[in-house]
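The following paragraphs walk through the structure shown below, beginning with its cysteines and moving on to its strands and helices.

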Amino acid sequence: KELSFRKIEQSEITKSHLLEEMSFPPDESASKETLQSRKTNAGEFYWAVFEEKSNDLIGHINATLTNKNIISHDSTKEHCHGGKLLCIHSVAVLPNHRRQGIATLMVKSYVRVISLLCPKINKISLLTKAHNISMYNKCGFEYLHKSDVKIGKDDWHEMGIDLSKTEPRCLNWLLVDAFAEQPFRGNPAAVFLTDKEHSSDWMQNVALELNQSETAFVEQIYDNRGCPLDTFSLRWFTPTMEVDFCGHATLAAAHSLWQTERFPQSKSIEFKTKVGVISCALENEGKISIDFPEEISSSLQEMPNIHQSLGVEQSDIIFTGKNRLDLLIEIKPEAFKKRLEPNFLLLKGQRPEHRGIIVTCKGGENEVDFESRFFAPNLGIPEDPVTGSAHCCLARYWADKLKKDHLRGFQASKRGGFVDVKLSRKEGRVNLSGKAMITSRGMFVKIYQ
């Protein structure tokens, strides 16, 4: 039989509960509410085996994390996101599929998946009855001791596997199209979900290796007791340098945490960054909203030959200015669409102390209020597909011109992407929102050696 092994879906919890009831006595089996809680709070550790052709669920395995060193009654009741010990609660196979090696295959696959995808976990433990000890030995588990935990009438024995002895331990990364409503649109960013602080040199080398416009490094922050907070450290790197601020990679980072079930979708995420705390929330229709500090622009008259650098006429220039990060140029819509063709050698000489050049025009097509493009040759990025941080400047600029604080922008790069902006003038904040999707996944092997 061809089998598949994957994380269980919400719609499959009822079938999983029926399997649980068929596999354990009433005083040992988990209730449907308990299984639902494990799916909600520890979904990344709830996996199942399916027949490939029929997609019938024939086996499941689920677990939660704990800060304890051994399995106890307390450690089985709560899931601690920052725990280092993974406690397997249930390993079950349908009666008519037993004694075919499926349980052994499922447990071995589970250990392999956890070892590859969850480098923060040091150990996996489980409780078993005496007659299953040999089966778990075949899966790599060692006998530890007779457990004090009482479930049902029989004695239970704790077994464990030390993942530090398994190879390879990997650090996983995702490629996410941010501000995209379909694949291969918007702005791609690589995202690393790390379990420990890495050096700046290492992060810079990784960003160069992946060669994306931005690579985001996300690290969980814990309190003094080792319990995870709803806050993550976030840093951004281009292939050549670390940057203080990146919108699309922030959206990609939030999307990655929610989609990999490392953080509940019902809760907002706070990122601690060099520009302060940035909050992200999941809205209706899969949109992600991000709260940023606004970047206010001021007029700048001394920009000789900027029209030549952009390939437009002097008469096409409407406004020249700057903010803390970038230069800002507004040109006529006709020039934006027909004549804008930058000379990157000349652009490099335009106030190189600034990160990049935002070129914008009033909207008209695609039901947008304004359009833009972003060039950053000094960062090794000739043109950025969709630049969230640039919209923190464009929001105030166009809100003042169009006399409204809710706007929709379109960044007219080859990939293109829509960005919805909402200006909060009193707070000096800008809310950006857009969609994202994971297009690929990868891993760095033996990254901790």
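In this predicted model, Cys 280 has a relative accessible area of 1% and is therefore buried, the limit for that class being under 20%. Cys 280 takes part in no disulfide, since the nearest cysteine sulfur, which belongs to Cys 392, is 11 Å away, whereas a disulfide requires the two sulfur atoms to be within 2.5 Å. A search of the whole structure returns 0 disulfides, and Cys 87 is likewise in none, with the sulfur of Cys 80 as the nearest cysteine sulfur at 11 Å. Cys 87, at 1% relative accessibility, also counts as buried.

Turning to the strands, an open sheet of 7 strands follows the order 1-2-3-4-5-7-6 with mixed pairing. Its edges are formed by strand 1 (3-7) and strand 6 (142-146), each of which pairs on one side only, and the twist from one strand to the next averages 25°. Within this sheet, strand 4 (residues 85-93) pairs with strand 5 (residues 123-128) in the parallel sense over 4 bridges, and Leu 86 stands opposite Ile 124 of strand 5. Helix 3 (residues 102-117) packs on the sheet, where the strands it touches include strand 4 and strand 5, and its direction makes about 150° with that of strand 4. Helix 1 (residues 13-23) lies across strand 3 (57-66) and strand 4, running at about 90° to strand 3.

Further along the chain, strand 9 (residues 187-194) is largely enclosed by the rest of the structure, because 8 of its 8 residues are buried. Both of its faces are covered, with Val 191 and Leu 193 among the buried residues on one side and Phe 192 and Thr 194 among those on the other. Strand 9 pairs with strand 10 (residues 215-222) in the parallel sense over 5 bridges, and Leu 193 has Val 218 of strand 10 as its bridge partner.

Definitions and conventions. Residues are numbered from 1 along each chain as its sequence is written. This is a predicted model: local features need pLDDT of at least 70, side-chain atom pairs count only at pLDDT 80 or more; totals for chains, interfaces and linings use all residues. Side-chain values use heavy atoms; hydrogens and water are left out. Buried means under 20% relative accessible area, exposed over 50%, partly exposed in between (1.4 Å probe, protein chains only). Helices (H or I, at least four residues) and strands (E, at least two) are DSSP runs, numbered from the N terminus. Two strands pair if DSSP finds at least two bridges between them. Axes are lines fitted to C-alpha atoms, for helices over the stretch in contact, and angles run from 0 to 180 degrees between N-to-C directions. Contact means heavy atoms within 4.5 Å.
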